[in-house]
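Me: Please take a close look at one part of this protein: its nonpolar core. Which residues sit at the centre of contacts there, and what surrounds the picture?

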Amino acid sequence: MPREDHEPDELFEIRTNFYTGNYQQTINEATKLKVPQNLQTEKDLFMYRSYIAQKKYGVVLDEIRSSASQEELVAVRLLADFLANESKRDNILRDLDNKMGGNVKNSFCLLMTAYMYYLSENYETTLKVLHNADSLECCALTIQALLKMERLDLAKKELKRMTDMDEDSVLTQLSTAWVNIAIGSEKLQEAYYIFQELSDKHTVTPLLLNGQAVCHIAQGKYDDAQTALQEALDRDSNDPQTLINLIVLSQLTAKPTEVSNRYISQMKDSHANHPFVRDLANKANELDRLVRNYQPSVPS
């Protein structure tokens, strides 16, 4: 529900820091900010999700009991459990499949459920879960899933819905940038300006720097992309998106093989379960299979 103009948004800074990838600041603000009881859970959810974004799953699992009375807290705990324990993921998804027929209406619980499917690269189920959800975050995740499925036409429609709901929201601005990148051409510069403006208004983060770098790469501005990615690396040397974009840029600029291999090794060490790493391993295995099966013809 939109707020009245005279009603202050007490969680604005926390929300903005989270959406722009400034996770430690989100935690700092949430820890010290006193809010009315009706905002306490929402504030805590942003804090716990920031710990999850930092891969500090133990904090969430230790602080939230699986028997917690608030379903939103149970949902965010399940996400932490999903990410922390690879061996549990199939069972967690099976349990979610069984609950899909239920009457879940809580938009945050739908968001957490959809995000687990999204992380599992099951984009169709992601969209099914979010079909009747109406929060801005659910719209933003819907757009990301549609872009992964290369359904730019539907992503544009969802963005129109977001814009009608709240065109000034940071999430709407970020979603606009993602769609503009997918459109390409002159829209790339518009996307860059969105990331730049958010950096100027708030705080420069690896998320925003990677957005700028992707725009630069798509425009062939490789030196500018390198500068943005180097700054992102300085801020977080293990950020997976930064490492992936550096791998791409290294190959586009024909840098020595050891440069991209270094970033690939770092991805394997720090993000072994990342889709990029899994895809790389699958391609390497397929290449090995083709090499083994190749039988050179012997002239008679």
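Reply: Here is the core, followed by its setting in the whole chain. The model is predicted; local features need pLDDT of at least 70, side-chain atom pairs count only at pLDDT 80 or more, and totals for chains, interfaces and linings use all residues. Residues are numbered from 1 along each chain as its sequence is written, and side-chain values use heavy atoms, with hydrogens and water left out.

A nonpolar core is a set of buried Ala, Val, Leu, Ile, Met, Phe, Trp, Tyr and Cys residues joined through side-chain atoms within 4.5 Å. Buried means under 20% relative accessible area (1.4 Å probe, protein chains only). The largest such core holds 64 residues. Ile52 and Val76 touch the most other members. Helix α7 (residues 107-119) gives the largest share, nine residues. Helices here are DSSP runs of H or I, at least four residues, numbered from the N terminus.

Now Ile52. Contact means heavy atoms within 4.5 Å. Beyond its neighbours within four places in sequence, Ile52 contacts Tyr57, Val60, Val76, Leu79, Ala80 and Leu83. Val76 is thus on both lists.

Another core lies apart from the largest one. This other core has 16 residues, including Ala228, Leu249, Val259 and Val277.

Now the setting. The protein has 17 helices and zero strands. Of its 300 residues, 42% are buried. Among contacts between residues at least 6 apart in sequence, 52% join residues at least 24 apart. Along its principal axes, the C-alpha trace spans about 85 × 45 × 35 Å.

Technical notes:
Helix = DSSP H or I, 4+ residues; strand = E, 2+ residues; numbered from the N terminus. Buried < 20%, exposed > 50% of the residue type's maximum accessible area, 1.4 Å probe, protein only.
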